[in-house]
Amino acid sequence: MKQTNDRAQLVLSNQTSLNQTIRQSLIMAYRGLLKVRRTPEQLIDVTLQPILFTLMFGYLFGGAISGNVHNYLPLLIPGILVQSILTGAVTIGVQLREDMEKGVFDRYKSMPIARIAPLAGALLADTIRYALVTILTFATGYLMGYRPETGFAGILLVSVLVISFAWCVSWIFALAGVVGRSAAGVQGISMMILFPLTFLSNAYVPVETLPKVLKWFAQINPVSHLVTAIREIINHGVITHDFWLSVLGGLVILCVFAPLTVRAYRNKV
Amino acid sequence: MHHKLYNTINPSIAVEVHGLVKHFGDNRAVDGIDLQIPTGTVYGVLGPNGAGKTTALRILSTLMKPDKGSAKIFGHDILTEGQIVRQLIGLTGQYASVDEKLSANENLYIFSRLLGFSRSDSRKKTKELLEEFGLMEAATRPLAKFSGGMRRRLDLAASLISKPPLIFLDEPTTGLDPRTRIQMWNTIRSLVSDGSTVILTTQYLDEADQLADHIAVIDRGKVIAQGTPTQLKASVGAATLELKLIDKTEYEIAKTVIQSLLLVEGHFSSEGILTAPLSDPELITDVLLALRNRNIQLSEVSVKTPTLDEVFLAITGHETEKVAVESTFSLTTNNK
């Protein structure tokens, strides 16, 4: 039982510093990436959905909504992007639930690490899913003839915005995952939140065509603001108040749900 | 070395527990436990399924908050100084607490990194532990292909990365085959020779007997007996006499014989076997002769070392829950 190295943290402290917290979260993100490498099939939803939806919706609704497919794409691509990325965010809840049912979370809890690290790490690892969605959506759009006005710079800014937003929103689903009793239940609840949010918005159709109540909801829906912000940047090269509203919305969600999730995680037996 | 650091607070006491209580609804899983565990010993917590062993361990390892009571690990309060306590303990759970989707190598590397070791130190540490626990060949295989014993060993290895002075082992050999069980015992023994304090829960008296310096017997959330294994076994009797009769109607007579010769009361255990603690093996001859004289025919005779059930019988007067139900059942069928 002789080991050469002594423990790295020699000083006993009841606090975890911000530095340690970030470091530990990144290590947990690395764990998440290792898991993705072991089970690449878990990326199938974020791979197929953007391709399938872009093709399907484009050729299905293009003519009806914008006269032809080509004119519909500037409207559709941002919508698909947001829809697919938020669908990808839902998975975090289910994954966390499954993960927490395994014994390994007991070990994380009994280790002297920041409480938020296992959660933040899992969510950080998920950004690879969002990046994949973003790339595939734009690639499919490109093949269908979509050439954004603002080119690569616009796409980059939009990608950062939508991935950050999804990361903030994923804390909502993480909370569902932590408090939920079974993976199937979490999946159900998450879908109930996701579908109205994404479909009752301006993601696929112009809001003006909606009945009064739906129109009202679609206009206050944060997803609509995000979609509009993306369209404005990518098609017209302008940053409108919708951009700032989306940033604010994301931050508010993060500030509310991240502490709630960590609290629920800490108290979970 | 680093051991000095925590031992300055109170060198002789590793764990101190006062009036610990935890309910789950109406079920008082832990019902007022007091413990004092000396540093450098193996402390066995012995009890049947559902006695509250795991709950107590989860509280001490800060996974769960108690409803009442307090506990200190090397002088640090589990409630107010949780993060310090977590630096002093290693937990090996009843169900292996390792990452199923990763390899043994990756598991140990990630735990090492989380504990603050650098990349190269983590790799070194991982290699050392894999070698020590005989997992080198399986290091890169996914855990799904691991046997129960390999999983437990990996789990134990993961608890030892930071060389914690206190190690919790929750039923470390439950579900293991006899050979792996003895391997695990040897590993635990070498841990102690390294100076660690170990708290071990188990359902098996022989396991506690093999490994522990002190044993606390717990039942329904309460400590019902404490002492060294020798003291405990002495309270039960050195061995147990088991008799099975051909004619079931003669059990009551046999019981009277035992009472008069061994001066103890016999019990009907499961499967209609009459058992009685045996303080002196010499007395068997007397019992068997007396039965022969009364023309009671035996189908089976055996002398066994005491089991947890007998410890329970001796201490509480009732058997461990499940067995107790069965024995009343067999008693009533016998009477028919």
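1. Two residues count as in contact here when their C-beta atoms, placed from the backbone, lie within 7 Å. Keep that cut-off in mind for what follows, and remember that this is a predicted model.

2. Take A:K215 to start with. Once you set aside its neighbours within four places in sequence, this lysine is in contact with A:V207 and A:L210. A:K215 itself sits in helix α9 of chain A, which covers residues 212-220.

3. Is A:K215 buried, exposed or something in between? It counts as partly exposed, because 14 C-beta neighbours fall inside 10 Å, and a buried residue would need 20 or more while an exposed one would have 12 or fewer. For a sense of distance, the C-alpha atoms of A:K215 and A:I128 are 34 Å apart, with the two positions 87 residues apart along the chain.

4. On to helix α11 of chain A, residues 241-267. From first C-alpha to last, its 27 residues reach 39 Å, close to the 39 Å expected at 1.5 Å a residue. Which of its residues are buried? They are A:F243, A:S246, A:G250, A:T261, A:V262 and A:Y265. Their cover includes three other helices of chain A: α5 (117-125), α7 (151-179) and α10 (222-236).

5. Now a helix pair worth a look. Two packed helices are described by the angle between their axes and the distance between the axes. For α3 (residues 69-101) and α8 (residues 183-199), both of chain A, the axes come within 9 Å and cross at roughly 160 degrees. An angle over 145 degrees counts as roughly antiparallel, so α3(A) and α8(A) earn that label. Their crossing is right-handed.

6. If you want to click through that packing, the α3(A) side offers A:V82, A:Q83, A:L86, A:T87, A:V90, A:G93, A:V94, A:R97 and A:E98. Facing them in α8(A) are A:A183, A:V186, A:Q187, A:S190, A:M191, A:L194 and A:T198. By type, the residues of this contact split into eight nonpolar, six polar and two charged.

7. Last, the contact between the chains. How many residues does each chain put in? Chain A gives 32 and chain B gives 41. On the chain A side, α1 (18-38) and α4 (104-110) each supply at least two residues, and α1(A) has the largest share, with six. The chain A residues that touch chain B are a mix: eleven nonpolar, twelve polar and nine charged.

Key:
Residues numbered from 1 in each chain as written. Chains lettered and ligands numbered in written order. Predicted model: local features only at pLDDT ≥ 70, side-chain atom pairs only at ≥ 80, totals over all residues. Helix = DSSP H or I, 4+ residues; strand = E, 2+ residues; numbered from the N terminus. Expected span 1.5 Å × (residues − 1). Axes fitted to C-alpha atoms, helices over the stretch in contact; angles between N-to-C directions. Parallel < 35°, antiparallel > 145°, perpendicular 65-115°, else oblique. Left-handed = near helix turned anticlockwise from the far one by under 90°. Nonpolar A, V, L, I, M, F, W, Y, C, P; charged D, E, K, R; others polar.
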